[in-house]
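Thanks for coming. I will take a few minutes to walk through one structure for those who have not seen it before.

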Amino acid sequence: MENLVKLTIDGVPVEVPAGTTVLEAAKKAGIKIPTLCYLKDINQIGACRMCLVDTGARAFGAACVLPVSNGMNVKTNTPKIRSARKTNLELLLSNHDKKCLSCVRNQKCELQQMCIDLGVEDTDTYAGKMNEYDIDDLSPSIVRNNNKCILCRRCVAACINTQAVGVIGPVARGFKTQIKCAWDKSLSEAACINCGQCIAACPTGALHEKDSTREVWDLLNDSTKHVVVQPAPAVRAALGEEFGIPMGTSVTGKMAAALRRLGFEKVFDTDWAADLTIMEEGTEFIGRLKNGGTLPLITSCSPGWIKFCETYYPDFIPNLSSCKSPHEMEGAMIKSYWAEKEGIDPKDIRVVSVMPCTAKKFEAKRPELSHDGLQDVDAVLTTRELARMIKEAGIDFANLQDEDFDPMLGESTGAGVIFGATGGVMEAALRTVYEVVTGETLEKVDFEAVRGTEGIKEATVKVGDLDVNVAVAHGTANAAKLLDSIRSGEKNYHFIEVMGCPGGCVTGGGQPIVDAQTRMECDPKALRAKALYTEDANKPHRKSHENASVMALYKDYLGEPNSHKAHELLHTTYTKREKYIK
Amino acid sequence: MELYRSHVLVCGGTGCSSSGSAKLIERFEDQLKEKGLDKEVKVVRTGCFGLCEAGPVVIVYPEGTFYSRVKEEDVDEIVSEHLLKGRKVQHLVYVDHKTHESSVQKSLNEIGFYKQQQRVALRNCGVIDPENIDEYIAFDGYQALGKALTEMTPEQVIQVILDSGLRGRGGAGFPTGKKWQFARASQAEHKYFVCNADEGDPGAFMDRSLLEGDPHAILEAMAIGGYAIGADEGWIYVRAEYPIAVKRLEKAIEQAHEYGLLGKNIFGTDFSFDIHIRLGAGAFVCGEETALMASIEGKRGEPRPKPPFPAVKGLFESPTNINNVETLGNVAQIILKGADWFKSIGIPTSTGTKVFALGGKINNTGLVEVPMGVPLRTIIEDIGGGIPNGKKFKAVQTGGPSGGCIPASLLDISVDYDSLTSVGAMMGSGGMIVMDEDNCMVDIARFFLDFTVDESCGKCTPCRIGTRRMLEILQRITEGKGQEGDIEKLETLAENIKASALCGLGQTAPNPVLSTIKFFRDEYEAHIKEKRCPAHHCQALLNYEITDACRGCTACARKCPVNAISGTVKQKHVIDTQKCIKCGNCMATCKFGAIIKN
């Protein structure tokens with residue numbers, strides 16, 4: 001039986017399991033304690049001193065790290081507590097660049113919300129000297145503006161704890177403390193994997209994606225160019241949140257309509273290329289299995305994961321699938337297959353990807369991902385940036401009528417849709433590999449064992465006579481754990497899916513930001529994934545090899561999966577990268 | 001051991017070392033050899049004698065003659081007169097500041113500075129050669145460890161420490177026995193016993209002196225504590241700025257290993273204990289126990305919230321006990337002489353003695369060890385010898401930057417944990433900085449806060465930004481730009497920081513401000529409302545003026561770097577206050593005392 005602890009919070013008796021924090025216990029008692037540095041499962045350090053409570057001790061305690069104890073009498077709403085919280089908030093404001101009106105996080109800022117909640121009347125109560133920092137915008141993915149940083153260290157925790165990267169941390173001390181890379185280096189010089197989980201963790205506008213909306217507006221205004229767009233599977237699972245639509249609602253049709261209204265000539269779908277990826281990667285897997293190739297095969301869709309592997313686990317580079325990630329495949333096909341079909345010079349085409357991901361901005365610039373001197377993808381927008389463009393264009397997103405994607409590179413099966421959730425690529429691959437290898441129809445297409453938010457998932461799948469051992473990891477810290485267990489010989493797998501971000505692309509670094517309070521109430525990883533699995537279940541076709549337009553591509557253009565032409569256009573190579581700057 | 005007819009003890013403490021005591025030792029040895037006395041007289045480099053003001057200090061035994069401010073060239077005279085001919089060198093013998101009495105006919109303990117002291121923690125400092133384990137053993141060293149390991153259970157050891165009433169000497173004054181009890185109660189394969197030697201209060205050097213003067217006492221106490229709580233490994237976290245202490249600790253650990261007093265199966269028992277040294281880089285906050293552990297682990301030295309307390313989850317996630325150096329300095333004595341003996345010193349709530357580093361505006365600067373509960377006046381007037389230059393005592397700051405100041409009206413307060421805390425000061429690690437009428441109390445508050453702002457780790461909001469904002473307010477007050485409401489703002493910020501900072505550093509940082517406001521609010525008000533510094537200290541608020549005593553010698557005008565002084569020869573000069581940069585050159589130059597500060 002669980003060890004229960006009885007305590008009183010603001011006179012309300014509460015009974016919670018031992019080890020529960022006062023913050024969690026208070027929530028149970030219907031009391032909302034304000035927090036800034038606390039981020040569920042990621043950061044519990046008691047640093048911001050917003051969640052102060054009075055337990056009768058000499059000094060106030062931080063509820064986020066204070067464990068409950070029997071007979072504890074907690075007060076969360078005394079004049080002294082309210083004053084201490086407000087003073088600390090006002091102190092934060094005294095060193096915060098308060099240009100809220102032009103801030104990318106305006107109205108989505110936890111600091112701003114806190115001012116409303118705590119009733120701050122004067123933002124200059126403790127005005128004094130402010131630190132002035134240069135903005136680091138040299139990374140292709142992430143911009144850090146420490147003038148807005150409140151030193152909650154949620155980004156630091158995300159980087160080191162959930163991602164096992166740790167390229168940022170507190171530098172200098174006291175009032176001069178700031179979060180940055182060692183030796184005053186820019187993020188672009190550090191071994192950052194561009195995943196953007198730091199942005200997702202940031203309560204303010206101190207971290208945001210490198211903005212590409214100007215660049216895309218300019219493209220859309222250029223009548224000499226054929227500008228086409230492709231949104232990733234995960235975008236549709238979250239874009240609606242930016243327009244007040246509840247989390248977990250898929251907005252595929254509205255998204256297609258909005259993209260068309262923004263002026264894109266063609267609205268294709270990365271889901272289509274996801275199906276194509278399964279054809280290529282599935283075939284690669286069967287080939288490695290049959291011909292004694294390097295195993296386990298590890299998926300290559302996630303550019304954050306790829307850079308992580310290249311930097312921190314380069315000995316696993318031979319295990320990486322040589323497949324380009326889906327949007328790069330789509331870009332390559334747009335500039336070859338579609339261009340040829342439409343009779344357009346590929347030089348006049350611009351491919352814009354809408355991605356749940358900041359690492360895709362880096363990936364699109366990789367020199368390997370090009371053909372005949374043209375990058376496969378020209379610009380990458382995150383989900384957040386697309387939302388901003390839709391708002392700027394005056395499109396009433398929530399009331400749009402659903403539309404379809406454009407044909408040829410726009411149709412998809414359910415297998416392509418679930419790419420956005422952790423385990424989705426593995427499940428999609430298994431659906432196809434099973435049927436290709438056995439020649440039998442797979443009756444039960446749902447592989448429950450690889451679904452869900454568990455950090456590392458394992459399954460053994462019977463494919464004909466063979467027991468295929470698969471594993472799924474999401475968040476690079478989990479990937480590191482998994483790779484370590486393979487290195488040590490403890491584990492043995494045939495096929496592994498790794499997604500750089502915890503939860504997979506649905507909670508990628510480019511997705512709408514979920515604040516700390518909401519994260520205490522629900523799990524965005526599960527909610528958004530559910531939207532994709534529901535869409536999958538409702539699709540007429542749920543296996544990639546049943547995608548008619550992908551099959552047409554092979555018949556008309558590529559020949560067969562892993563053909564010479566397919567290799568030339570759809571596969572890539574990787575580079576070992578240095579961990580430390582020289 | 002060889003026998004000598006005379007011992008020459010040369011202080012090798014920090015103060016005397018920096019005023020050249022190492023050279024004295026060389027000279028003594030050379031001279032003794034030259035006179036053929038090297039087999040009869042032994043020169044010993046000891047730890048700190050305490051009276052740093054009189055350094056370099058040399059004591060000649062068996063007479064106990066106390067020579068002060070000894071220069072290299074004085075050594076020849078001491079050797080040829082005192083050691084060869086048996087005649088004390090009168091003019092080098094220490095003279096009491098207060099009584100102007102020479103100590104020629106007195107032994108050390110009769111001198112005013114030492115008379116009221118009682119040395120428990122510092123008992124061996126200045127007595128034994130700290131680099132020689134035999135000398136420590138000759139003074140009952142390692143007997144307590146033997147007694148604990150062979151005659152006592154760990155529980156009995158803890159009980160004695162509990163009964164003795166020993167409280168932590170590093171700051172908060174938590175009962176040491178209780179700490180050990182908590183650590184003992186934690187079940188774990190590995191436990192650690194840590195010595196906190198990260199002494200950081202400005203002006204405090206008692207831990208340094210103890211480590212330099214009696215390193216084995218600390219090792220012995222750690223082994224006893226390790227046995228009591230069930231630890232097999234000890235760590236000493238010591239500042240890299242204490243090279244002599246580090247060297248002597250390293251040597252002491254090596255010697256203890258050679259003698260089987262550290263390492264496997266100590267005294268043939270099942271108890272094994274080893275000690276490592278970790279050098280700190282000098283961050284004040286690393287004296288906070290959780291930051292200290294983080295630093296030992298190789299992480300950024302930052303505190304973390306408690307619970308979990310170190311006794312449950314400490315160094316490398318294992319149960320850990322942490323005590324400061326001076327606390328440990330008492331342990332072996334308590335085990336040997338018993339809890340009742342220790343309790344007989346001091347007062348019931350604060351037992352034993354406390355070492356203070358006496359500094360600032362006081363005649364006898366140095367290290368003093370007194371029984372708890374002595375009146376503050378005794379320390380300042382009798383031991384410290386009063387204020388130099390006939391100035392008036394104004395206040396004393398105890399507890400360093402975390403403490404508070406005590407004004408003249410409270411000079412009869414008993415020096416113990418609870419009394420000090422009750423007036424807004426604290427025992428702290430034992431820094432005692434004396435201030436006279438020339439000290440501006442607003443500026444003193446600014447000085448201490450400047451230190452804590454500088455040493456804040458930057459983790460929590462109130463300490464990182466709050467103390468900084470307080471400092472800015474204090475700065476503007478001392479610059480004559482104080483505003484109505486500043487005192488209230490300081491008080492609000494101070495109360496909030498005290499209640500909401502993450503660690504002890506932040507929670508105590510506002511104390512110097514609060515206590516100076518409490519006792520010297522009029523000085524704050526004079527700065528803010530009248531733009532006047534009553535102590536004539538704050539440069540921005542000063543005005544230099546030439547009085548009628550001026551003879552018109554023109555010296556001041558020639559010295560003034562900005563030509564702010566005008567006047568003709570033999571006529572009274574005038575200072576242009578607009579031009580004056582308040583450097584004070586004129587005042588220092590005037591031979592007639594005709595220039596005054598307002």
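I will start with the overall form of chain B, then go to one helix, and end with the side that touches chain A.

First, a caution: this is a predicted model.

Chain B contains 23 helices and 19 strands. Its radius of gyration is 26 Å, and the globule rule gives 25 Å for 598 residues, which is close, so chain B is as compact as a globular protein of that length. If you measure out the C-alpha trace along its principal axes, the spans are about 90 × 65 × 40 Å.

Next, the packing. Of the 598 residues in chain B, 55% are buried. Take the contacts in chain B between residues at least 6 apart in sequence: 71% of them join residues at least 24 apart.

Now one helix, α9 of chain B, residues 206-213. How many of its residues are buried? The count is 8 of 8, so to speak of α9(B) as mostly covered is fair by the definition of buried used here. Among them are B:Met206, B:Leu210 and B:Leu211, and also the charged residues B:Asp207, B:Arg208 and B:Glu212.

Last, the two chains together. On the chain B side, 23 residues are in contact with 28 residues of chain A. Which elements of chain B give two or more residues to that side? They are α17 (441-455), α18 (461-478) and α19 (486-500). Of these, α18(B) gives the most, with 8 residues. By type, the chain B residues on this side divide into 9 nonpolar, 7 polar and 7 charged.

That is the end of my part; questions are welcome.

Technical notes: Residues numbered from 1 in each chain as written. Chains lettered and ligands numbered in written order. Predicted model: local features only at pLDDT ≥ 70, side-chain atom pairs only at ≥ 80, totals over all residues. Helix = DSSP H or I, 4+ residues; strand = E, 2+ residues; numbered from the N terminus. Rg over C-alpha atoms; globule rule 2.2 N^0.38 Å. Buried ≥ 20, exposed ≤ 12 C-beta atoms within 10 Å, placed from the backbone. Contact = placed C-beta atoms within 7 Å.
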